[in-house]
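Me: I am new to this and would like to learn how to read where two chains meet. Could you walk me through it?

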Amino acid sequence: MSAEGKLYLYPLWLRIWHGMNALCIIILIVTGLSMHYSTSILFKFESAVAVHNISGVVLTIFYVLFLAGNLVTENGKFYQIKTKGLKNRMQQQIKYYVSGMFKGETSPYPVTATRKFNPLQKYSYIGVMYIFVPLVIITGFALLFPETIIEDVYQVSGVMLTAIFHSIVGFFIMIFLFVHLYVASIGKSPVSNYKSMVTGWHS
Amino acid sequence: MLSSIRAILLLFVFSFLVVPVKSQMVAEENKLCIECHTSQSFTIHNDWTGMDETRLMNPFYILDTVRFVDGVHGAFQCIDCHSYEYETYPHNGELKLEPLMTCIDCHGGDDTYASYQFDRVEEEFEKSIHRELLGDQFTCSKCHDQHYYTPTARTSSSVKEIVEYSNNMCLSCHDNMIKYQLVSDKEKPQLVQIHDWLPNQELHFNRVRCIECHTVVQDSLMVSHNILPKEKATKNCVECHSSNSMLQASLYKYQNLRLRSGNAENDSVSSGEVYSGSFQFLSMNNIFSNQYYVIGASRIPLLNTIFVLIFVFTVAGIVTHAIFRFLKK
């Protein structure tokens with residue numbers, strides 16, 4: 001499917017998932033930070049807890065949709081790992097971002113119908129969606145039902161270890177979000193990638 | 001006047017005391033009482049019928065000797081507090097009306113136990129809502145069983161144990177209709193419903209003491225005894241969930257916890273403690289192993305520093321990159 005050099009890359013279900021995922025994650029970050037630093041700038045503590053819990057559950061539901069979508073549609077293939085020459089490909093992409101793009105070079109891995117992500121994108125997305133998000137979901141649910149957590153691990157409270165792990169993973173997801181949002185501005189024009197996540201068409 | 005009566009009473013009590021040595025056994029003199037008062041049934045010789053008869057013991061009159069011996073008054077004889085006339089069975093009916101000594105009768109104004117500040121505790125207790133609503137029938141013994149009392153907040157090295165011991169005092173009544181009706185003929189409110197607004201209620205009840213929310217922390221008093229009216233109980237999460245958590249001043253303040261976590265006193269260190277000791281650098285001078293993770297009360301300053309550093313580097317990277325893009329356009 002292509003019209004005037006445009007690619008229909010992002011089907012509707014994916015855009016809905018992406019939008020909801022983004023919304024939930026932003027809310028989770030804001031409420032998470034507000035609890036972690038116990039500030040009441042935006043939320044009172046108890047509201048932050050409630051909102052955080054609800055968004056976490058919604059995020060999980062959409063995460064399951066995402067997994068299911070990747071199983072039943074073609075989209076899953078974008079996340080297949082190929083280790084051969086991986087280092088090389090990554091280096092190429094990094095080189096492009098660090099210097100190539102300033103010299104007017106073209107992207108070494110332009111977007112095509114079969115290659116939605118460049119190598120750097122692909123592996124950071126795999127890392128986030130298949131490692132970090134599941135970890136944050138599992139630890140999050142454990143904290144929602146703290147009776148499921150081992151009471152003491154060598155005298156250190158199990159809840160404490162889980163909570164610390166949860167906040168570390170959550171923090172890295174936040175860092176990812178910042179980088180993701182910035183890198184998304186590298187496109188035909190600074191806003192074209194944001195637009196395509198709304199319309200579905202990549203230009 | 002009253003205090004001289006107390007002094008006499010005290011003398012009286014001490015005159016019965018054989019040098020109080022803590023043994024793991026109930027005082028020999030208590031054997032008689034224990035024989036009946038620790039089992040479900042007891043056997044007596046009925047002089048009228050001339051037969052031995054086994055009867056059921058009133059379940060509320062059965063004592064737990066292990067807890068008794070562990071308690072602060074474990075070296076006591078039963079008849080130090082109860083009338084010696086109990087030695088005969090059937091007990092004299094009049095004895096049911098025998099006035100029993102309260103904590104203050106024995107401990108009030110006694111310098112030996114100054115560190116417990118009994119008199120200040122009493123003062124606070126007199127102000128408490130229980131006293132106000134329920135009057136004189138609400139005595140210290142309603143919370144502190146004289147048979148079993150241990151000052152757990154002082155002696156225990158585990159927050160969990162301290163919390164459990166303390167909360168059981170409240171729950172033994174607020175969660176138990178039989179005891180509740182001793183002091184009130186009103187309907188007992190359901191704790192679970194009243195504290196509906198508190199998420200993870202069970203966890204909170206296991207990890208913080210009721211008195212944390214229901215009293216105002218007193219720096220100079222180990223355990224603040226002034227239970228406030230319910231309107232004054234704290235609903236403010238941030239009192240605990242913040243970096244200057246009031247738990248530092250109440251639940252986590254105890255010397256015994258601090259000593260223990262610093263391994264200052266313990267010469268026998270278990271492997272678990274060595275392990276948690278390696279976490280110590282993370283928590284700086286905090287007690288890591290004996291505290292719970294209270295969201296918001298960031299216990300690990302190092303982690304926050306690392307977070308801020310990574311965040312600053314990320315933003316700096318993005319900004320630099322953006323500037324280059326702008327310039328090279």
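Reply: Gladly! Let us begin with buried area. Here, about 3,400 Å² is buried between chain B and chain A, and carbon and sulfur atoms give 69% of that. Please keep in mind that this is a predicted model.

Me: Which three residues supply 20% of the area that chain B buries against chain A?

Reply: Those are Tyr293(B), Phe307(B) and Arg325(B), and no other three residues supply more. Counting contacts gives another view: 38 residues of chain B touch 34 residues of chain A.

Me: How many salt bridges and polar contacts should I look for across the interface?

Reply: For a salt bridge, look for a side-chain nitrogen of Lys or Arg within 4 Å of a carboxyl oxygen of Asp or Glu. Between chain B and chain A, that rule finds 0. Polar contacts are another matter: 8 residue pairs make them, with both residues at pLDDT 80 or more.

Me: Which helix gives the largest share of the side of chain B that touches chain A?

Reply: That is α17(B), with 12 residues. Helices α12 (201-207), α15 (271-277) and α17 (301-328) of chain B each supply at least two residues to this side. Sorted by class, the side has 18 nonpolar, 13 polar and 7 charged residues.

Me: And how many cavities of 30 Å³ or more are there?

Reply: The count is 2. The largest cavity holds about 80 Å³ of space. Its lining has 13 residues, and the closest to the centre are Arg209(B), Val217(B), Met222(B), Ser224(B) and Ser250(B). By class, the lining divides into 6 nonpolar, 4 polar and 3 charged residues.

Terms used
Residues are numbered from 1 along each chain as its sequence is written. Chains are lettered from A and ligands numbered from 1 in the order in which they are written. This is a predicted model: local features need pLDDT of at least 70, side-chain atom pairs count only at pLDDT 80 or more; totals for chains, interfaces and linings use all residues. Side-chain values use heavy atoms; hydrogens and water are left out. Contact means heavy atoms within 4.5 Å. Buried area is the accessible area (1.4 Å probe) that two parts lose on being put together, summed over both. A polar contact is a pair of N or O atoms within 3.5 Å; within protein, one must be able to donate a hydrogen and the other to accept it, and residues adjacent in sequence count only if both atoms are side-chain atoms. Helices (H or I, at least four residues) and strands (E, at least two) are DSSP runs, numbered from the N terminus. Ala, Val, Leu, Ile, Met, Phe, Trp, Tyr, Cys and Pro count as nonpolar, Asp, Glu, Lys and Arg as charged, and the others, Gly among them, as polar. On a 1 Å grid over the protein atoms alone, a cavity is a set of points where a 1.4 Å probe fits but cannot get out, and a pocket is an open set with protein on both sides within 12 Å along at least five of seven lines; lining residues have an atom within 4 Å of a point. Grid points are joined across faces, edges and corners, and a volume is the space filled by probe spheres set on the points.
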